[in-house]
Amino acid sequence: MNPPIITLDNLAIGYDGQAVLSGISLAIARDSFTALLGANGTGKSTLLKTLLGLQPAVAGQIKMNSTGGPPVFGYVPQAIQFDPLYPLTGFDVALMGVFQRVGPMKFPSRAEKAFVRECLHATAADDFAGRKFSQLSGGQKQRVLIARALATKPDILVLDEPTAGVDVAATRSLLEFISQIHQERNLTVLLVTHDLPLVKKHAQQIIWLHNGAVLHGSVAELFTPERLAAIFEMEVG
Amino acid sequence: METLKEIISPDFLLRNSVYTSVLVGFACPLVGVFLVLRRLVFMGVALPQISSTGVALALSLPLWLGLKMDAGSEHTEHLLAFAGSSAFTLAAILILAFMERRGRGLPEGRLGAAYVVSAAASILLLSKNRFAEMGWLDLLKGEIITVSNFDLALTGGALAFVLLVLGLFSKELLFVSFDRAMAATLGKNVLFWDALLYLLIGFTVSIAVLSVGPLIAFGFLLVPALTAHIFARNLKVFVLLASVLGGVAAFLGFWIAYAWDLPVGPTDVVLLGLVYALAAAVRGLMQLAAKQR
């Protein structure tokens, strides 16, 4: 396994100083495909926000091991969260991916715009990138958002339930695509999802939040019938 | 047409009022676009009213402190009003934005209360102030008649500053408005950009209120942006269309008001309302036609 890009050391996460989950110690390997699993209310979103730096940890440490400064997160939020009032095209949304490199009082250069078009092409979103983002289907929006994340030139691609509101066929194609870019670009992927069959097919590592515990291991380790039975027995019982 | 020729003539007696009106018409929709996109329309109602309370209070201060304000102190009076308007608007927008971020209570209730209390306070303050008789009540009602060169320069300079800042930082302001989380993960200081946007909104509102009064300021903040939103295919079109609509409506409103001896501000707002209704009807017909195809 590759060396870790993120190490969580006895981390406690929560709100207003109150921990909802504590004692989290694990490492996410560079270039790995890790799935973050858990039912609603188990702390998935809180852990994700803490990793992304959107809220402070209650206790413990997050160590980022990237070369040349803090790692860049290519964050792909849920498409349904965006206000349809914004008259932005798919291209406008994807262009936001370069805003970190283009400082204040400057505007994206032709080269940056060309790079965004490449990212849209890579996610097969170039055909509909000129249309209003709010009028795209769930799967199309996700492709634009992944293109935006790729445009950040990320160290880690973080996808927050990218298949929410997306039909079965589009979900399958989206996950195939994420797997493909993970392999082609040696990209570290952290995927938050509920979908066990898709996780089994695509992910290498799993972080499973369950009843206040954090289970971490490979798909082969956690997806054994015995472990799954134990987990779901705990849920039922 | 004679009236139009008279208005655009450089010797027109009320030319500064035309210029001020058009400047406000062009500038207000630029920040109004953000009020609409961030669903802060009620803030757009409350802020001009709070701003006018600041004007009323600032103009009452010399009276309370026993300072003499004679007829020659017009610039001082205007600067005082500008200071009162800006201080109240900026303080109010920062407090309201902070409470909005905390996510507690009822935002519409807070804005409604701020609106009604500040409207009442403005009337109370001016009813006991002799300066009210010298034109400020007219201003607060939206009469745009006498604008000195100094007032025009102040308005023009302030709005040019707003335009410059909006232009230079439009990318950041849009980014934190559309996707705060992504902006934060990419290291953008979302609190700073939010504060800058709110300050720009507050600054524009205070200038607009001083120039055209609270009712008209709100009209120019909201209606051009709503009208432009109906047809905007992208953000650039949205912003430009809203601004041009505001500027053109301000000019046409002045022309109509001058020709028919009507108050300028209310004429502007009613004209904007008619354009909005027409645009909505055209859009409805277009959608109907598209369905039948």
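A residue is buried if 20 or more other C-beta atoms lie within 10 Å of its own, exposed if 12 or fewer, and partly exposed in between. Keep that cut-off handy for the exercises below, and remember that this is a predicted model.

**Exercise 1. A loop aspartate**

Work out where B:Asp261 sits, whether B:Asp261 is buried or exposed, and what sign its phi has.

*Solution.*
- Start with the place: B:Asp261 is in the loop between H11 and helix H12 (264-292) of chain B.
- Now count neighbours. B:Asp261 has 6 C-beta neighbours inside 10 Å, so it counts as exposed.
- Then the backbone: phi of B:Asp261 is near 55°, a positive value in a residue that isn't glycine.
- For context, most residues other than glycine have a negative phi.

**Exercise 2. A loop asparagine**

Do the job again for A:Asn211: which loop holds it, and is it buried or exposed?

*Solution.*
- Strand S8 (205-210) and strand S9 (213-218) of chain A flank the loop that holds A:Asn211.
- Because A:Asn211 has 10 C-beta neighbours inside 10 Å, it counts as exposed.
- Check phi as well: for A:Asn211 the value is near 50°, positive in a residue other than glycine.

**Exercise 3. Classify three more residues**

Place A:Thr188, B:Ile93 and A:Leu85 in their burial classes, then look at what surrounds them.

*Solution.*
- A:Thr188 belongs to strand S7 (residues 188-192) of chain A. With 26 other C-beta atoms within 10 Å, A:Thr188 is buried.
- Beyond the residues up to four places away in sequence, A:Thr188 touches A:Ile5, A:Ile28, A:Arg30, A:Asp31, A:Ser32, A:Asp155, A:Ile156 and A:Leu157.
- For a distance check, A:Thr188 and A:Lys153 are 35 residues apart in sequence, and their C-alpha atoms are 12 Å apart.
- B:Ile93 sits in helix H4 (residues 74-102) of chain B. It has 26 other C-beta atoms within 10 Å, so B:Ile93 is buried.
- Skip its neighbours within four places in sequence, and the contacts of B:Ile93 are B:Leu47, B:Tyr198, B:Ile201 and B:Gly202.
- B:Ile93 and B:Leu191 are 98 residues apart in sequence and 14 Å apart in space, C-alpha to C-alpha.
- A:Leu85 lies in the loop between strand S5 (73-76) and helix H2 (90-95) of chain A. Its count is 13 other C-beta atoms within 10 Å, so A:Leu85 is partly exposed.
- A:Leu85 and A:Gly212 are 127 residues apart in sequence and 38 Å apart in space, C-alpha to C-alpha.

**Exercise 4. Two helix pairs in chain B**

Decide whether H2(B) and H7(B) are roughly parallel or antiparallel, then do the same for H3(B) and H10(B).

*Solution.*
- Take the axes of H2(B) and H7(B): they come within 10 Å and cross at roughly 20°. That angle makes H2(B) roughly parallel to H7(B).
- The H2(B)/H7(B) crossing is left-handed.
- Among the residues that meet are B:Tyr19, B:Leu23 and B:Phe34 on the H2(B) side and B:Leu152, B:Leu159 and B:Leu173 on the H7(B) side. By class, that contact divides into twelve nonpolar, six polar and no charged residues.
- Next, helix H3 (residues 41-64) and helix H10 (residues 214-231) of chain B have axes that come within 9 Å and cross at roughly 150°. Hence H3(B) is roughly antiparallel to H10(B).
- This time the crossing, of H3(B) and H10(B), is right-handed.
- H3(B) brings B:Val41, B:Gly44, B:Val45, B:Pro48, B:Gln49, B:Ser51 and B:Ser52, and H10(B) brings B:Pro214, B:Ala217, B:Phe218, B:Leu221 and B:Leu222. That gives eight nonpolar, four polar and no charged residues.

**Exercise 5. Core and interface**

Find which residues touch the most other members of the largest nonpolar core, and how many residues each chain puts into the contact between A and B.

*Solution.*
- The largest nonpolar core has 152 residues, and A:Ala94 and B:Ala217 touch the most other members. Helix H2 (residues 15-37) of chain B supplies the largest share of this core, 13 residues.
- Outside four places in sequence, A:Ala94 is in contact with residues including A:Val116, A:Leu120, A:Val144 and A:Ala151.
- As for the contact between the chains, 20 residues come from chain B and 20 residues from chain A.
- On the chain B side, helix H7 (149-178), helix H8 (180-185) and helix H11 (235-260) each supply at least two residues. H7(B) gives the most, with six residues.
- By class, that side of chain B has twelve nonpolar, four polar and four charged residues.

Terms used:
Residues numbered from 1 in each chain as written. Chains lettered and ligands numbered in written order. Predicted model: local features only at pLDDT ≥ 70, side-chain atom pairs only at ≥ 80, totals over all residues. Core = buried A, V, L, I, M, F, W, Y, C linked by C-beta atoms within 7 Å. Helix = DSSP H or I, 4+ residues; strand = E, 2+ residues; numbered from the N terminus. Contact = placed C-beta atoms within 7 Å. Nonpolar A, V, L, I, M, F, W, Y, C, P; charged D, E, K, R; others polar. Axes fitted to C-alpha atoms, helices over the stretch in contact; angles between N-to-C directions. Parallel < 35°, antiparallel > 145°, perpendicular 65-115°, else oblique. Left-handed = near helix turned anticlockwise from the far one by under 90°.
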